[in-house]
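Work through the following exercises with the sequence and the coordinates at hand, and compare each step with the solution beneath it.

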Amino acid sequence: MCRKPALVVFDLDYTLWPFWVDTHVDPPFHKKSDGSVQDRNQQPVHLYPEVPEVLQQLDSEGIAMAAASRTGEIQGARQLLDLFGLNRYFATPKSTLSGIPFHRMLFFDDESRNIHDVGTLGSTSPCNMKGGSVTLGQSQETGSSSPP
């Protein structure tokens, strides 16, 4: 029987949304009266369509989530998480995450270097390609340790 992860960590750029927040869009961002989000040049910015449903499902199952990113545009990334209403899903205090062994974490990212790095720690990562969809339950071991 497969055990659920204790923590699911999501990269931001090209994992939750289809762009790099530090180069492809122009912060600051704002939400229009119709709920859509735009950058400072009034260009629309969107999440991948599956993101809200995936986060809702994980939340409903009581699985902790966190966001991680190498972006240089930290303020813009935080603003987008807030405007899209995603902050409610992500554990913010790092102390709440301490003690979770890496083999109990699931890590979503589009960059193989990041997947490799966390894989060496024992984390598991699903295959995630730019612009592709991920179906929960399909994953690929990237580390030497396997989840119990």
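**Exercise 1.** Determine which residue follows α2 and what sign its phi has, and then list the buried residues of this helix.

*Solution.* Helix α2 is followed by Gly85, whose phi is positive, near 75 degrees; helices (H or I, at least four residues) and strands (E, at least two) are DSSP runs, numbered from the N terminus. The model is predicted, so that local features need pLDDT of at least 70 and side-chain atom pairs count only at pLDDT 80 or more, while totals for chains, interfaces and linings use all residues. Residues are numbered from 1 along each chain as its sequence is written, and side-chain values use heavy atoms, with hydrogens and water left out. In α2, residues 74-83, the buried positions (under 20% relative accessible area, with exposed over 50% and partly exposed in between; 1.4 Å probe, protein chains only) are Gly76, Ala77, Leu80, Leu81 and Leu83. These residues pack against β2 (30-31), β3 (37-38), β4 (44-45) and β5 (64-67), where contact means heavy atoms within 4.5 Å.

**Exercise 2.** Count the aromatic pairs and classify the pair of Tyr14 and Trp20.

*Solution.* Rings of Phe, Tyr and Trp (its six-membered ring) pair if their centres lie within 6.5 Å, and planes under 30 degrees apart count as stacked, over 60 as edge-to-face and the rest as tilted. The count by this rule is four aromatic pairs. For Tyr14 and Trp20 the centres are 5.4 Å apart and the planes stand at 80 degrees, so the pair is edge-to-face. Tyr14 is buried at 17% relative accessible area, whereas Trp20, at 32%, is partly exposed.
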